[in-house]
Amino acid sequence: MLVLKGKGVGGGVTIGPLAVFKRQETAVERHAITDIEGEVARFQAARGKAIEQLAQLYEKAVVDVGRDNAAIFEIHQMMLEDLDYIESIEGIIRTQEVNAEYAVQATAENFAEIFSSMEDEYMQARAADVKDISRKVLACLGFGSDAMESASEKFVLVADDLVPSETVQLDKSKVQGFVTAGGSVNSHTAILARTMGIPAVVCTGVSIGMEHDGKLIAVDGYTGEVFVDPDEATLTLLQAKLEQDVQHKKLLDELKGKESVTSSGKKVHVYANIGNTGDLAAVLANDAEGIGLFRSEFIYLENEDYPTEEYQFAKYKLAAETMAGKRVIIRTLDIGADKQAAYFNLPQEENPALGYIAIGICLEHQDIFRTQLRAICRASAYGKVAVMFPMIISLNEVRKAKAILQEVQQELATEHIPFDKEMEVGIMIETPAAALLSEVLAQEVDFFSIGTNDLSQYTLAIDRQNQHLESFFDAHHPAILRLIEMTVEGADRSGIWCGICGELGADLELTEKFVAMGMDELSVSPASVLPLRQKIRGL
Ligand code: PEP
Ligand code: MG
């Protein structure tokens, strides 16, 4: 048994098969080969293996999801038999005398481009299929791996670290727990684990190698302990904890439908944070009273190009309609720092957390910003949507962002496209500058939401991503609490409401203090909604 100790972030216990995260390589290398026929044979062997795997997947899918839905795996097998496809790959190997991996990748890209440029929608959709089957062949050639994608069972994901763009692309229905050697409790990977309501441990400091792949792993998200290949006694102990968890969740279920109100009658809105529409089910299941933070940048991170207005509109509308009149606060693009999407081509920076980020990018690249604002405004016709600008540091920024919003709304009105003219506009208070200016900023907006993750990082000058600084980090530092209090006071003076959407909102040791300060709303991960409601009702 291998025992590791890190920091628990998701709470809860999980036991399951361990899967080591395989990082997708960015590009296949091209190199010259001498044994041409040997290389062709390598390709043919990999192709045969991929067909076999697809046949197995088909059989399993027929049982799980029915013959119609399983048909795609049959189509993929047929595509791997396609003569044009095979001839293209063999042709590249023979004429250019290069490795099979390169030939497969080049063929995939060429065919995908041809399919994409066709008029017929059915043929356009084949572009993704040809990439998919090629990825399988590449995996069979030993390049990268699609084990994670094809895993049919749930697993506990183990990685050195994950960047947010990797995290959002994981199949969340299969990841039952996380363990990372690096990371910190406020990293976006940890936040994601909380949003998904799954047990996670970060910052174990130890890499778990491929030799452990497939073994049983038990994760205790409460204590931060991780056991690879646990012995009988440990397993029994953790299974008992797991059972306790289930019982506790049943008790919390009784709080569904009840108000989040203290015994003296002070009502606090308990909302949930989401990263994408996939989290909506968890929001409903945990009976959140609204969405206090929709981290819209995750929509950008999971795509390979700028998401269109229509694509975004569909997502925001879905959130608005699902929440059926409850508030849905959509934060505009908060990209930069640790959240990077290659197609933004952001410059390499010495200090990305102090660099080109969030609203700064939006105000410079107004085309991106306007597209998003149009999508948000259009969605506002379908529920109670509010828009929120992140990383504000000045009055000027707020005014500029609002001016662009008004232009977009004017444009929509001219086009007779419906939107909510009363849509609330808020800002995040997550820099010391914004907290200090809160009284002035409050005169410009309808609400504040305090981002305690960044507010803590910038107030204490401690990088939220840096695992080595955790011991210096005091989440309850008096300077942070003072800035939070100042922000509530600033909001009060202008009669606007104020909430918290950073991780500190779920810290039950501080709930009483926040309520005493006059906080109107706390937005937390869906799994933290009911424990927080229980706490508030007990005050
Ligand atoms: C925050 O900074 O507290 C916040 C909610 O935003 P994010 O964690 O996405 O930076
Ligand atoms: Mg932030």
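Here are some short exercises on a predicted model, each with a worked solution.

**Exercise 1. A salt bridge inside one helix**

Task: Find the distance between the closest N and O atoms of Glu 39 and Arg 42, then decide whether each residue is buried, partly exposed or exposed.

Solution:
- Step 1. Start with the atoms: the closest N and O atoms of Glu 39 and Arg 42 are 2.7 Å apart. A salt bridge needs a side-chain nitrogen of Lys or Arg within 4 Å of a carboxyl oxygen of Asp or Glu, and Glu 39 does form a salt bridge with Arg 42.
- Step 2. Now place the pair: both residues lie in helix α1, which covers residues 36-65. They are 3 residues apart, about one turn of the helix.
- Step 3. Turn to accessibility, where buried means under 20% and exposed means over 50%. Glu 39 counts as buried because its relative accessibility is 8%. Arg 42 has 31%, so it counts as partly exposed.

**Exercise 2. Salt bridges between separate parts of the chain**

Task: Which elements hold Lys 402 and Glu 444, and where do Glu 297 and Lys 339 lie?

Solution:
- Step 1. Begin with Lys 402 and Glu 444, whose side chains meet in a salt bridge at 3.2 Å, N to O. Lys 402 lies in helix α15 (residues 395-414) and Glu 444 in the loop between α17 (438-441) and β14 (447-450), so this pair ties together parts that are 42 residues apart in sequence. Both Lys 402 and Glu 444 are buried.
- Step 2. Next, the side chains of Glu 297 and Lys 339 form a salt bridge at 2.8 Å, N to O. Glu 297 sits in helix α11 (residues 297-301), while Lys 339 is in the loop between β11 (327-331) and α13 (358-364). This pair also links distant parts of the chain, 42 residues apart. Glu 297 and Lys 339 are both buried.
- Step 3. Finally, put the pairs in context: the structure holds 31 salt bridges. Some residues join in a network of them, namely Glu 309, Glu 310, Arg 374, Arg 378, Glu 411 and Glu 415.

**Exercise 3. The magnesium ion**

Task: Which residues are the protein donors of the magnesium ion (ligand 2), and are they buried or exposed?

Solution:
- Step 1. Look for the donor atoms: they come from Glu 430 (OE) and Asp 454 (OD), at 2.0 to 2.1 Å from the ion.
- Step 2. Locate them in the chain: Glu 430 is in the loop between β13 (424-429) and α16 (432-436), and Asp 454 is in helix α18 (residues 452-460). The two donors are 24 residues apart and link distant parts of the chain.
- Step 3. Check the burial: Glu 430 and Asp 454 are both buried.

**Exercise 4. The surroundings of ligand 1**

Task: How many residues surround ligand 1, and which element gives the most to this shell?

Solution:
- Step 1. Count the shell: 16 residues surround ligand 1, and the closest are Arg 295, Arg 331, Gly 451, Asn 453 and Arg 464. By type, the shell divides into 4 nonpolar, 5 polar and 7 charged residues.
- Step 2. Find the element: α18 gives the most, with 3 residues.
- Step 3. Examine polar side-chain atoms beside oxygen atoms of ligand 1. For Arg 295 the distance is 2.7 Å, for Arg 331 it is 2.8 Å, and for Lys 339 it is 3.3 Å.
- Step 4. End with the surface: ligand 1 taken alone exposes 290 Å², and the protein buries 99% of that.

Conventions. Residues numbered from 1 in each chain as written. Chains lettered and ligands numbered in written order. Predicted model: local features only at pLDDT ≥ 70, side-chain atom pairs only at ≥ 80, totals over all residues. Heavy atoms only, no water. Helix = DSSP H or I, 4+ residues; strand = E, 2+ residues; numbered from the N terminus. Buried < 20%, exposed > 50% of the residue type's maximum accessible area, 1.4 Å probe, protein only. Donors = N, O, S within 2.8 Å, 3.2 Å for Na, K, Ca; no water. Near = heavy atom within 4 Å. Polar contact = N/O pair within 3.5 Å; in protein donor to acceptor, adjacent residues only side chain to side chain. Areas by Shrake-Rupley, 256 points an atom, 1.4 Å probe, with all protein chains shown as cover. Nonpolar A, V, L, I, M, F, W, Y, C, P; charged D, E, K, R; others polar.
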